[in-house]
Amino acid sequence: MEPSLPKNESVYDLQEFLSGFNSDSEVIKILNLLGVRPSKGLGQNFLIDASVSESIVATLNIEPDDVVVEIGPGLGALTRHLIGKVKKLVLVEYDRRIYEYLRDVLSEVDEVEVIHQDAVNFDIRPFYVEDSVKIIGNLPYSCGTEIIRNLLTFPSPVDLAVFMLQKEVVNRFCAVPRTKSYGVLTVMTSAFWNVERLQDLTYEPFTPKPAVDSSVIRFIPCGPDKFPPFNQRVLKRIVKCGFHERRKQLKRRLPLGFTDWGQICKEMNIQETARAEELSVDEWINMARIIDDNPLKDNPQKGTELFDVVDENDQVLGQKERAHVHAEGLLHRAVHVFVFNKSGDLYLQKRSMLKDSSPGLWESSASGHLDVNEEYHSAAVRELAEELGISGEIKLNCSIEPSERTGWEFVRLYSCEHNGPFNLPYSEIEGGGFFRTSMIQTWLKERPEDFASGFVECWNNYFE
Ligand code: SAM
């Protein structure tokens, strides 16, 4: 059995930690004390040049209100430049002895939380409750891309991330078309993040010395204006197929369904002989939009759509156009559906920025107005099919009276079980994910402005 340090009893020196381990011998001394032999598998090459560490932390542009997550803090080369400067600092370390050391030496530092976990599985979703979330890490090179995929797959609460990785991987993130490094990683990242190489490093500032060169890379979300909306799953599918054999012409590689390749090329103004590595990220996104076979992909709501207008007893009075109904605050009807997976987590959708109400906010799994003469139950079944591409048994949970909070809608809330994946129409939904209900509860309390008011009303009624 490995010896374990007693909790809350600091046998290590905080001042020594804050001054840093700035030479081979200092690192070896502390590692010996911890009983750690640097592991290649865990990428344990520790930074020993304080000016390099400081320059990396500086690129995170930290503010006192930031919540910072550091992946693989190790002996604290980056950590010590963050302590005392941010609202909260969460350290995720996989090596048990190093974790115990950090937990012990930092036990008196209030803003620090040390977590013993593999960052490949670290759940970043609870950080949606925070205003500003930044991530930093000198990543273990063996699983750096998996860690980045886990933390930055869209939608993600991360506002900015700075990582050190092996140079070859940073080359792939930052590659341009028609180069060897350009591929799935480049396109799938650049579609959501602005990536920037900040500096290249040799083996010198590390101990033990790594066999490869390293680079520092920064990720900032693209925001809604850089690219037109698209379906992430469709993009991933075609990019993966396209690059599977990168030298083959795309027309032989892509899952085109009923789409005509000649027509796509004409619309995109590209050669029919195009290969994956020749298309820019914009062109890949454009292609994903064209190939997407979701019937509602380009169907944002129209103000001229007709709704049944009802009285205070939910009896139909007549029909009026959507824009009019909303502008006048007339009573009308809607359904929401909560989709839970088998673990009881709720799927939340993030509304598209194209929506005329609550753009970009988090919303029920599926929701929508009733069409003229439509029943509530059929509308719920239709919304599930249209918004998530699924069918299944639904159950009525409650009826909610109209109020300003429901947008003057009579709402019926249904629920069902489904584990995904879902086929989202990008004109309606930007993305989504399953969330633990306890997490949603905290998120709602801390940041109600992130949610569409109709969802909040449904949530409150559901849990009453
Ligand atoms: N941040 C320190 C520095 O710059 O000197 C250490 C960086 S070292 C390259 C990588 C660190 O990540 C080590 O402390 C290692 O134990 C830790 N680590 C390795 N695999 C990990 C994983 N899957 N999740 C979290 N930490 C991990």
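Okay, let's start with a question: where is the place of P421? P421 sits in the loop between β17 (409–417) and β18 (429–435). I bring it up since the peptide bond leading into it, from G420 to P421, is cis, with omega near 0 degrees. Just so everybody has it in mind, this is a predicted model.

There's another cis bond to look at, by the way. T207 and P208 are joined by a cis peptide bond, and there omega is about -15 degrees. P208 is in a loop too, the one between β8 (206–207) and β9 (214–221).

Right, let me step back to the whole chain. We've got 464 residues, and 52% of them are buried. The secondary structure adds up to 14 helices and 18 strands. If you box the C-alpha atoms along the principal axes, you get roughly 85 × 60 × 40 Å. And on contacts: take those between residues at least 6 apart in sequence, and 67% of them join residues at least 24 apart.

The domain assignment splits the chain into domain 1 (14–221), domain 2 (232–291) and domain 3 (306–463). Going by C-alpha atoms, the centres of domain 2 and domain 3 are 34 Å from each other.

Now for the helix packing, starting with α8 and α10. As a reminder, we describe two packed helices by the angle between their axes and the distance between the axes. Helix α8 covers residues 232–244 and helix α10 covers residues 281–291; they pack at about 115 degrees, and their axes are 9 Å apart. So what do we call that arrangement of α8 and α10, roughly parallel or roughly perpendicular? With 65 to 115 degrees as the range for it, α8 and α10 come out as roughly perpendicular to each other. The crossing of α8 past α10 is right-handed. From α8 you have V234, L235, I238, V239, G242 and F243, and they meet W284, I285, M287, A288 and I291 in α10. By class, the contact of α8 with α10 has ten nonpolar residues, one polar and no charged.

Stay on α10 for a moment, as α9 packs against it as well. Helix α9 is residues 261–268, and here the angle with α10 is about 135 degrees, with the axes 11 Å apart. That's why α9 and α10 are described as oblique to each other. Again we see a right-handed crossing, with α9 passing α10. On the α9 side the contact is made by W261, I264, E267 and M268, and on the α10 side by E283, N286, M287, I290 and I291. This contact of α9 with α10 breaks down into six nonpolar, one polar and two charged residues. If you're looking at the structure, find M287 and I291: both are listed in α10's contact with α8, and both turn up in the contact with α9.

Next pair, α13 and α14. Helix α13 is residues 437–446 and helix α14 is residues 453–463; their axes come within 12 Å and cross at roughly 125 degrees. That makes α13 oblique to α14. The handedness of the α13 and α14 crossing is left-handed. Here T437, I440, Q441 and L444 of α13 meet F455, V456, W459 and F463 of α14. The class count for α13 with α14 is six nonpolar, two polar and no charged residues.

Okay, some individual residues. I71 is in strand β2, and at 1% relative accessibility it counts as buried. Which residues is I71 in contact with, leaving aside its neighbours within four places in sequence? They are V92, A119, I135, I136, G137, N138, L139, I147 and L151. For a sense of scale, the C-alpha atoms of I71 and C265 are 43 Å apart, with their positions 194 residues apart along the chain.

Last up, two positive phi values outside glycine. N61 has phi near 45 degrees; it's in the loop between α3 (50–58) and β2 (67–71), and it is partly exposed, at 43% relative accessible area. Then R178, with a positive phi of about 65 degrees. You'll find R178 in the loop between α6 (167–173) and α7 (184–190). Is R178 buried or exposed? It counts as exposed, at 61% relative accessibility.

That's my tour, thanks.

Definitions and conventions. Residues are numbered from 1 along each chain as its sequence is written. This is a predicted model: local features need pLDDT of at least 70, side-chain atom pairs count only at pLDDT 80 or more; totals for chains, interfaces and linings use all residues. Side-chain values use heavy atoms; hydrogens and water are left out. Axes are lines fitted to C-alpha atoms, for helices over the stretch in contact, and angles run from 0 to 180 degrees between N-to-C directions. Helices (H or I, at least four residues) and strands (E, at least two) are DSSP runs, numbered from the N terminus. Angles under 35 degrees count as roughly parallel, over 145 as roughly antiparallel, 65 to 115 as roughly perpendicular and the rest as oblique. A crossing is left-handed if the near helix is turned anticlockwise from the far one by less than a right angle, and right-handed if clockwise. Contact means heavy atoms within 4.5 Å. Ala, Val, Leu, Ile, Met, Phe, Trp, Tyr, Cys and Pro count as nonpolar, Asp, Glu, Lys and Arg as charged, and the others, Gly among them, as polar. Domain bounds come from an automatic or database domain assignment. Buried means under 20% relative accessible area, exposed over 50%, partly exposed in between (1.4 Å probe, protein chains only).
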